[in-house]
Amino acid sequence: RCALFVGAGLSTGAGLPTWHGLMERIVRAATPFAASPKKLAELELDASRVRKDQRSVINPLSQVEIMRVFTRVLGRERCADLFGNGPGAIDLLNAFAYSNALDRVRKSSIQARELESLLAAGKFPELAGYCRDLLGRRRFHEQVRRELDFRGEIPEVHQAIVRTPYACIVTTNFDSLLEDAYVSWGDGSVPRAPTGAELGRQGTLLFDDTFFILKAHGDLDDESSIIFTSEDYRRVIHSNPAFQAMLTGILLRHAVLFVGYSLSDVNFRLLLDNQLTIFNEEVPPRYALMDGVGEVEREILWRTARLRVFGYEK
């Protein structure tokens, strides 16, 4: 009679990144030639000196000097990418190679600083949307797949989940760790695992009364199902009555346990609050395992969501 809600915190035991860690890596991929403020300032100062000495020369540095300057700022590997043979790479033989490389590093550095500000503010959907625009949809999805690629052993905590008779699991994770765990420690079959985007065709999901894993934010193997950006949230969640209806049904029919799950999503909190209002605070039990939660936050979560927190040290 209990539904388990699982977030990225559970997958970190397998070495996969948290949402913050994942977005941090994607920002680096989207701004590959970003330099630290100190390094960029040094590069700008060198450029102003060079221009002052040779203002009439289109490319004031030799190819060897250009490579030396940018290797000092970016390192050997990123410098090789900047002047490599791939698409968009700068041709060292081009008369404007130096100024083009300087512009590329300057632009990438400025974008990285701005994206890091969004990262620090926890604005992951907005950040993901901008990075997807920078990388293009195909490269963005490939990067996400690369960062969430898992080839190790499934953590023991997943075995404990399989051996507990949950009615269903709702997860915001893209990976297949839960499905793999049920294959390894369950009856050997892959459980039913619809994505949030598919719920319009899953009207009997609760009525069937069989175990399922709802991959609310999509599956890594189905790019169209993934909910990552603000645009995705609007398309798959906010404009999807089936999604709201299914979550409402799960929350009203089952006790709920949140593990490794972020409760910061405003819309989800509104759904919990709305149920309290409609049913005069008479709702099924709700529990959460959370780290570093103080008494004030515990009280707020109980008052606003009837959520009982089991805390542990961070």
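Buried here means under 20% relative accessible area. By that cut-off S11, at 4% relative accessibility, counts as buried in this predicted model, and it makes a convenient place to begin. S11 belongs to helix 1, which spans residues 8-11. Its side chain makes a polar contact with the side chain of D175, at 2.9 Å. Leaving aside residues up to four places away in sequence, S11 touches L16, N173, D175 and L177. The last of these, L177, falls within helix 10, which covers residues 177-185.

Helix 10 leads on to the sheet. Helix 10 lies across strand 2 (168-171) and strand 3, and runs at about 160° to strand 3. Both strands are part of an open sheet of 6 strands, in the order 3-2-1-4-5-6 and with parallel pairing. The edges are formed by strand 3 and strand 6 (307-312), each of which pairs on one side only. Averaged over the sheet and ignoring direction, neighbouring strands are turned by 20° against each other. Within the sheet, strand 4 (residues 255-259) pairs with strand 5 (residues 286-291) in the parallel sense, over 4 bridges. A residue-level view of strand 5 is given by A288, which has F258 standing opposite. A further helix packs against the strand 6 end of the order: helix 14 lies across strand 5 and strand 6, at about 155° to strand 6.

Helix 14 also offers a good entry to the charged pairs. Side chains of opposite charge can pair when their charged atoms come close. The structure holds 18 salt bridges. In one of them, the side chains of E295 and R298 meet with an N to O distance of 3.6 Å. Because E295 and R298 are 3 residues apart in helix 14 (residues 295-305), about one helical turn separates them. The two partners sit in unlike surroundings: E295 is exposed, with a relative accessible area of 62%, whereas R298 is partly exposed at 25%.

Other salt bridges reach across the sequence. R132 pairs with E231, the closest N and O atoms lying 3.4 Å apart. This pair links distant parts of the chain, with R132 in helix 7 (residues 124-135), E231 in helix 11 (residues 230-238) and their positions 99 residues apart. R132 counts as buried, since its relative accessibility is 10%, while E231 is partly exposed at 39%. The same two residues take part in a broader arrangement, in which R132, R137, E231 and D232 are linked in a network of salt bridges.

A second long-range bridge joins R145 and D221, with the closest N and O atoms 3.0 Å apart. Here R145 lies in helix 8 (residues 137-147) and D221 in the loop between strand 3 (213-215) and helix 11, so that distant parts of the chain, 76 residues apart, are linked. R145 counts as partly exposed at 36% relative accessibility, and D221 is exposed, its relative accessible area being 64%.

Aromatic side chains supply another set of links. A search of the whole structure finds 11 aromatic pairs. In the pair made by F70 and F83, the ring centres are 5.7 Å apart and the planes stand at 70°, so the geometry is edge-to-face. The pair links distant parts of the chain: F70 is in helix 4 (residues 63-74) and F83 in the loop between helix 5 (76-82) and helix 6 (97-120), 13 residues apart. Both rings belong to buried residues, with relative accessibility of 0% for F70 and a relative accessible area of 11% for F83.

The pair of F174 and F228 has another geometry: the ring centres are 5.4 Å apart and the planes are at 50°, so the pair is tilted. F174 lies in the loop between strand 2 and helix 10, and F228 in the loop between strand 3 and helix 11, so the pair ties together parts that are 54 residues apart in sequence. F174 counts as buried at 4% relative accessibility, and so does F228 at 3%. Together with W19 and F140, F174 and F228 form one aromatic cluster.

Notes
Residues numbered from 1 in each chain as written. Predicted model: local features only at pLDDT ≥ 70, side-chain atom pairs only at ≥ 80, totals over all residues. Heavy atoms only, no water. Salt bridge = Lys/Arg side-chain N within 4 Å of Asp/Glu carboxyl O. Helix = DSSP H or I, 4+ residues; strand = E, 2+ residues; numbered from the N terminus. Buried < 20%, exposed > 50% of the residue type's maximum accessible area, 1.4 Å probe, protein only. Polar contact = N/O pair within 3.5 Å; in protein donor to acceptor, adjacent residues only side chain to side chain. Contact = heavy atoms within 4.5 Å. Pairing = 2+ DSSP bridges. Axes fitted to C-alpha atoms, helices over the stretch in contact; angles between N-to-C directions. Phe/Tyr/Trp six-rings, centres within 6.5 Å; stacked < 30°, edge-to-face > 60°.
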